[in-house]
Amino acid sequence: MSTINLESENKFLTLLTKSAPPFDYEKQIFNDHFENVMSTLNGDNPPPYEIEIQPTSNCNLRCKHCFGTFLTSNRIEDKIGMEEMKILSKRISEFDKDKLKIETVKFCGTTGEPLANPSTVYGIKLFKDNDKKVILYTNGLWLDKKTKENKEYLEYVLDADKINISLDCGTRETFKLLKGVDGFDRIINSLNKMSILRNETNRNLRIDISFVIGEENYLEIYTATKVSKENGADNVVFRFDFTSPEKMKPIIKEIEMQKTQALSLQTQNFKVFFAYTKDDLESNTDSNAFSSRGKKCFNHNFWGCIGSNCELYVCGHRTYKEVKSFGSLIDNSLKELWLSKSRLEKVEDLPDNKCQFCSPSCHRRDCMMSFLSDIGKDKAHYLHNKYIERKIAPQIVVPPIR
Ligand SMILES: C[S@@+](CC[C@H](N)C(=O)[O-])C[C@H]1O[C@@H](n2cnc3c(N)ncnc32)[C@H](O)[C@@H]1O
Ligand code: SF4
Ligand code: SF4
């Protein structure tokens with residue numbers, strides 16, 4: 001059996017234990033998706049374990065920090081109605097290869113808000129009925145909107161596994177300043193109603209609130225945490241604005257103070273997470289947590305993205321007009337597009353100049369995958385047997401997930 005030298009093993013352990021759940025990205029791919037990892041190292045082009053659908057490229061808000069608006073002024077076309085949603089569901093369900101299949105469908109957007117397309121709420125049940133885990137990212141403004149059946153959108157969301165409401169502030173005034181609309185109270189009311197309904201109907205929906213820290217809202221880290229807790233959220237997740245992380249440096253002291261206050265609100269059922277550390281921010285290398293330069297992209301093996309035009313893209317950060325897609329899922333199967341020459345050639349060449357904003361979680365998966373690719377499959381198996389199957393990896397605290 002293959003073994004590995006101490007230096008490499010220590011490097012692996014540093015990667016494996018970099019963060020606690022739910023930000024243990026390296027451990028998640030190595031532990032939960034090891035077959036995808038091995039199939040990728042084999043060069044087999046397995047199906048992704050997660051696919052993002054962007055139901056629309058239009059939005060009902062204008063967040064100042066939105067990376068989508070930095071990328072383009074030209075949105076891609078909207079083509080997803082109920083018929084298309086059904087076709088996408090079929091395409092996703094029929095794509096399996098060597099027993100690997102798509103496990104999770106995430107509704108999200110680059111320039112768009114999923115609930116701005118009325119088909120999204122029906123799509124949740126459609127994918128759940130096809131045995132997929134369903135995640136919805138939304139700004140939350142239209143959770144109280146009604147369908148033609150006179151039900152609020154939030155009632156449909158109860159069927160999902162997780163909702164992430166991108167709130168980004170703790171007061172009505174800052175909401176308006178950041179997003180251009182007076183919508184804070186409306187979203188908090190929907191959060192409250194949804195969490196009560198979730199509890200009354202014993203659903204498994206996990207409710208997360210997210211907050212992109214920037215110059216205008218950093219003093220509301222504590223207030224946002226408090227209001228989220230009081231209105232039934234399970235978790236609050238803070239991230240730095242990855243379009244301009246350098247702007248965080250002069251305010252990092254205040255951010256750290258707010259962080260301490262926010263963490264003090266944690267209970268058994270309510271957790272607060274900071275996705276990046278002060279060190280991530282202070283690293284000045286080209287290949288830091290906020291830049292894809294100098295790294296090979298492996299994420300395209302684990303994720304894919306269907307744009308609002310029903311076309312396949314490499315990932316959810318590249319669905320804008322200036323990027324060429326791999327073709328339409330209305331006319332082709334997902335497997336055909338996934339294994340097409342144009343996609344296989346393109347992914348060899350990533351990141352490229354269209355990868356302007358790549359998320360820090362992607363960088364971390366890339367670092368783990370680069371390490372495993374360098375040591376090779378036999379040694380990766382050895383590490384998996386030693387640290388995962390025999391479960392002697394250093395203990396990491398698991399937060400309660402409803
Ligand atoms: C682009 S939005 C699309 C979905 C939906 N409109 C929403 O806001 O949740 C997807 C996620 O990206 C996050 N996001 C947008 N701009 C960002 C930035 N500059 N830095 C970090 N995250 C950002 C949003 O907060 C949201 O959670
Ligand atoms: S709600 Fe989402 S898509 Fe719309 S502007 Fe804000 S971050 Fe961008
Ligand atoms: S490097 Fe590019 S293709 Fe890869 S995940 Fe990042 S943005 Fe997407």
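**Exercise 1.** Which helix and strands each supply at least two residues of the shell around ligand 1?

*Solution.* Before we start: this is a predicted model, where local features need pLDDT of at least 70, side-chain atom pairs count only at pLDDT 80 or more, and totals for chains, interfaces and linings use all residues. Residues are numbered from 1 along each chain as its sequence is written, while chains are lettered from A and ligands numbered from 1 in the order in which they are written.

Step 1: find the elements. Helices (H or I, at least four residues) and strands (E, at least two) are DSSP runs, numbered from the N terminus. Here you want helix 4 (67-71), strand 5 (133-138), strand 6 (162-166) and strand 7 (206-213).

Step 2: look at the shell. A residue counts as near if its C-beta atom, placed from the backbone, lies within 6 Å of the molecule. That gives 20 residues, and Phe67, Gly109, Glu113, Tyr137 and Ser166 are the closest.

Step 3: sort by class. Ala, Val, Leu, Ile, Met, Phe, Trp, Tyr, Cys and Pro count as nonpolar, Asp, Glu, Lys and Arg as charged, and the others, Gly among them, as polar. You get 7 nonpolar, 10 polar and 3 charged residues.

**Exercise 2.** Work out what surrounds ligand 2 and ligand 3.

*Solution.* Step 1: around ligand 2 you'll find, among others, Cys59, Cys63, Cys66, Arg62 and Glu113. By class, that shell has 4 nonpolar, 6 polar and 2 charged residues.

Step 2: ligand 3 has 13 residues around it, with Cys297, Cys315, Pro351, Cys355 and Cys358 coming nearest. This shell splits into 8 nonpolar, 4 polar and 1 charged.

**Exercise 3.** Check the length of helix 5, then find its buried side.

*Solution.* Step 1: the expected span is 1.5 Å times one less than the number of residues. Helix 5 (residues 82-94) has 13 residues, so it should span 18 Å; its end C-alpha atoms are 19 Å apart, which agrees.

Step 2: pick out the buried residues (20 or more other C-beta atoms within 10 Å of their own; exposed means 12 or fewer, partly exposed is in between, and C-beta atoms are placed from the backbone). They are Glu84, Met85, Leu88, Arg91 and Ile92.

Step 3: look down the axis. The buried residues fall within an arc of 125 degrees, so they line one face of helix 5; the arc is that of the directions from the helix axis to the C-beta atoms.

Step 4: check the other side. The face turned away from the buried side of helix 5 carries the exposed residues Met82, Glu83 and Glu94.
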